[in-house]
Amino acid sequence: MIATTAKNVDADFMRSAIGLAARGLGNAFPNPAVGCLIVKDGLVVGRGWTQPGGRPHAETEALKQAGDAAIGATAYVTLEPCAHTGKTPPCANALVDAKISRLVVAITDPDPRVGGLGLHILKLGGISITKDVCRDEAWQSNLGYFLNTTLHRPMFTLKLATDANGHIPGPDATGQDKWITSPQARKRGHLLRANHDAVLFGIGTLLSDDPEYTCRLAGLEHASPIRVLLDSQLRLPIDSKLLKSQDKAPIWVICGRDAPVRDDLQALDITIIRAPQNQPDPDWVGAELSKRDITRVLIETGPNLANAFLEADLVDEMAWFRADKTLGADSVRAFNENLLEKLAFTQEAVLQAGSDQLELYVKGA
């Protein structure tokens, strides 16, 4: 039996707060997805997470739920409480005003507007502080925000759906031949779209498959990500399903410097981003999306674009749906699997998705 210690209790509550924070992934940007628990006498009296659009903040939600029970309580927060006034007052001050007695925080905020100032305000308010509880878990769970803040690029997740050997249908596949994985696996794929800010894909995939790239899970249709198309020559068909679904989620099209001006596209409610190169490279794409406050990007595309982002060392996580069947001789490899070892990806988990497996990989430090 493992003895219960204050350290164990803090870790347990912090993991619960990290779980709450995950509810904000995909809809909290440009703010971080934060979770907060208010605990008194071993009982949770308030819980909160960052709401859509980044506000209200997690601490505000948890304190409102706790009410007067917050007096003398411990607050577990996955990220240092903010110390600057934006569209809402500083959360550090709110915690002081609520008269909590202790703060347990997973990680300090690299945002220079905060960067320890939130903790300083709390310390001046006489609040005891314990730092770095479940730090690594909190960093990974909010990786998009941290990369955006420190490296000025979003987090990229590469989503793959292949047969048992890592192959996908060849370019001549049509109709049902393109469905590799089970309905349950496809639902998991839609859930991935819901917890990312944007989904990135190339013109080749759009021309061959004519996808919508929306989230079609019941109750989560509103969580469809921004759809970002890489189309260097601006070949996007005006009758594509993508353009017919403008009302379901925003559409951004990144084209090359010398791509033609399309009057038919200019008239639509889409954003056209012209790169300084004829062939937008992954590093520039990452920096441009970061400038537009995107923190989490799901890459759903063919081998060329998948390999380009892998080779640029921009892929941070992989979600590999591997079906229990094998495709024929006309299939092609979904990506260069040698890059997994070269980039030090490690397998974090293997989950069942219907008759298929979902293999989750994280890039090593």
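The following dialogue concerns the cavities and the sheet of a predicted model.

Tutor: In this predicted model, local features need pLDDT of at least 70 and side-chain atom pairs count only at pLDDT 80 or more, while totals for chains, interfaces and linings use all residues. Residues are numbered from 1 along each chain as its sequence is written, and side-chain values use heavy atoms, without hydrogens and water.

Student: How many cavities of 30 Å³ or more does a search of the whole structure find?

Tutor: A cavity is a set of points on a 1 Å grid over the protein atoms alone where a 1.4 Å probe fits but cannot get out. Points are joined across faces, edges and corners, and a volume is the space filled by probe spheres set on them. Of cavities of 30 Å³ or more, the search finds two.

Student: What is the volume of the largest cavity?

Tutor: Lining residues have an atom within 4 Å of a point. The largest cavity has 14 of them, and Asn31, Ala33, Asn142, Thr295 and Arg296 are the closest to its centre. Its volume is about 60 Å³.

Student: In which order do the five strands form the open sheet?

Tutor: Strands are DSSP runs (E, at least two residues) numbered from the N terminus, and two strands pair if DSSP finds at least two bridges between them. The pairing in this sheet is mixed, with β2 (43-49) and β5 (128-130) as edge strands. The order is β2-β1-β3-β4-β5.

Student: Which residue of β3 is the bridge partner of Ile38?

Tutor: Strands β1 (residues 35-40) and β3 (residues 74-77) run antiparallel and are joined by four bridges. The partner of Ile38 in β3 is Ala75.

Notes
1 Å grid on protein atoms, 1.4 Å probe; cavity = no way out; pocket = protein on both sides within 12 Å on 5 of 7 lines; lining within 4 Å.
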